[in-house]
Every structure is written in C-alpha cells, then in structure tokens.
Amino acid sequence: MEDRCMPVVIALWALVPMVLLTGCAKHADFVEVRDQLSTISRSQEQDHQRVDAVLRRLESVERVKDTDPGRQRIDEVVARLQKIETRLAKLEETAGQPAPKVDPAFSEPRVLKPVKPALSAEPGTAIATAPGITPTSAFNLAYNDYLNGKYELAVAGFQRFVKDFSGTSLTPNAQYWLGESYYNLKDYGRAIQTFEYLVAEYPGNEKVPASLYKLGLATAETGDLVKSRKSLKRVLEEFPASDESKLAKNKLAEIR
C-alpha cells in the first residue's frame, strides 16, 4: 500500500511549486491539493497501523502455539505411545522364542530308602502307549529296543511301561532293564537310582542279584568304591549260588 501511494504523493507535492510559480492556480485549487495530500498521508498512517496490528497478531499466535500446554501434553502422549510400542515389540520377540528345555539332574539318593525313579523320558524319545496294548507287548517293544542298542528308545519304553503297568509281574523286570539302559547310556546316576529302587521295593525278586551287581559297577564308575564294594559283597553273601556271585568276586578283586 505504501509503495503504491508514494509516487502519487511525490507527484502532487511536485505540482505545488509549479502552481505557485506559474500563478495559474487559484487559491481554492491550492487548498484542494493540500487537502488531498493530507488525506493520503492519513491513509498511509492507517495502513501502517493495520500492518503493525497484523504482525503483532501473528507473533502472538506463534507464541501461543509454542507454549500451548495442550500441545505439550500431546507430545508427551506420543512419546509414551512410542515407548509402549517398543516394549510390546520386545515382548513379542521374547514370546516367539522357544522355552528352554529342562533336564533335571539325578543325584545319588541320600536317604536309606531309595526314591522311585522319575518317569519322564528325554525330550523327543517318549512314546505313547497304543490303545489296547497289553503289558507283555509293551514290555517286548521296549526290550527289543534295548537288544538292538536303541537305549534311548528303551528308556522311554520301560518308563512308559512302569507308568502304565506298575502293578504287573513284569514291573520289576522293566525296572531292571530301565537301569541297564541308563547304564549303557553311561547315565550312572539314574542307573544307580533305578537299581536301588528295585532292590528296596522288590527284595525277593529274581532280578535283585543282578541289580546289586550292576549297582556295584555303576557306583565304581562314579568313583564311590566304598559303596561299590558294599553292593558286590552283598551279592556274595546273600546270593552265593547266583550267576552274578562269581562276577562280583572278580570285580571285588579288581577294585581292592
């Protein structure tokens, strides 16, 4: 507005001396020109005031925008949402990972009466009992795995047998061959626990001499020679006519 009015003002002021010099203008003309100049000046001043008011308004709006509490709260909420999204992403990654496999360690029992061995097989080796299967067929399946050197499968089979057919006449045999399977896997801790359980729970069973002998071997493998000699002597004293008696005598001669 100011740029457009300035040329007009300058031109009008330039006409004043010309009118005075030429003397061609009347006094009324001079007054008219003076009034027009005053009007234009007032218009310019008003324009300046309007522009200043608009600028002040813009500055006020910018200050309110920068210091608006509502805007700050929005920024805080956005920041919190971002943190929550990050935590959820970490939780999803964690949930997608497989749970660690737990294989509880078996230690030698420290009580007088052996604890019954756990029946959980190694991961991936457990087998389910088929519907309608008999104790004899279940025992034979596990025993065939043992004879074929598939000791892990034998462990799973005998464990399943002991769990499903615990009250049958084949249960002591299943316990014995379960101990033998552990022994062949060099899992002497579980073998010891299994043989001790059989001797304590089935003292009159025909597998007791063999269990005592293998108990002597297993404890020797762990370095417990005192316990090994004790088990082997029991074979000689309690079952002198058994096939394991001679084997126990030879083993005792080795570890003296």
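Arg160 sits in helix H5, which spans residues 151-164. The model is a predicted one. With a relative accessibility of 26%, Arg160 counts as partly exposed, because that class begins where the buried class ends, at 20%. Follow the chain 14 residues from Arg160 and you reach Ala174. The C-alpha atoms of these two residues are 9.7 Å apart.

Now step back to the whole chain. It has 10 helices and 0 strands. Read along the sequence, the pattern is α-α-α-α-α-α-α-α-α-α. The chain has 256 residues, and 30% of them count as buried. Its accessible surface comes to about 17400 Å². Carbon and sulfur atoms supply 56% of that surface. Contacts also say something about the fold. Take the contacts with a separation of 6 or more: 58% of them join residues 24 or more positions apart.

Next, look at one pair of helices. Two packed helices are described by the angle between their axes and the distance between the axes. Helix H6 covers residues 171-184, and helix H7 covers residues 188-201. Their axes lie 8 Å apart, at an angle of about 160 degrees. Angles over 145 degrees count as roughly antiparallel, so H6 and H7 are roughly antiparallel to each other. The crossing of H6 past H7 is left-handed.

Which residues of H6 and H7 meet? From H6 come Pro172, Gln175, Tyr176, Leu178, Gly179, Glu180, Tyr182 and Tyr183. From H7 come Tyr188, Arg190, Ala191, Thr194, Phe195, Tyr197 and Leu198. Sorted by class, this contact has 10 nonpolar, 3 polar and 2 charged residues. Tyrosines appear on both sides, including Tyr176 in H6 and Tyr188 in H7. Glu180 belongs to the H6 side, and Arg190 to the H7 side.

A residue from another helix reaches this pair. Lys214 is found in helix H8, which runs over residues 208-221. Is Lys214 buried or exposed? Its relative accessible area is 10%. The limit for buried is under 20%, so Lys214 is buried. Leave aside residues up to four places away in sequence, and Lys214 touches Tyr176, Glu180, Tyr183 and Phe195. Those four names are familiar from the helix pair. Tyr176, Glu180 and Tyr183 are on the H6 side of the contact, while Phe195 is on the H7 side. Lys214 of H8 thus touches residues from H6 and H7.

Definitions and conventions
Residues numbered from 1 in each chain as written. Predicted model: local features only at pLDDT ≥ 70, side-chain atom pairs only at ≥ 80, totals over all residues. Heavy atoms only, no water. Helix = DSSP H or I, 4+ residues; strand = E, 2+ residues; numbered from the N terminus. Buried < 20%, exposed > 50% of the residue type's maximum accessible area, 1.4 Å probe, protein only. Contact = heavy atoms within 4.5 Å. Areas by Shrake-Rupley, 256 points an atom, 1.4 Å probe, with all protein chains shown as cover. Axes fitted to C-alpha atoms, helices over the stretch in contact; angles between N-to-C directions. Parallel < 35°, antiparallel > 145°, perpendicular 65-115°, else oblique. Left-handed = near helix turned anticlockwise from the far one by under 90°. Nonpolar A, V, L, I, M, F, W, Y, C, P; charged D, E, K, R; others polar.
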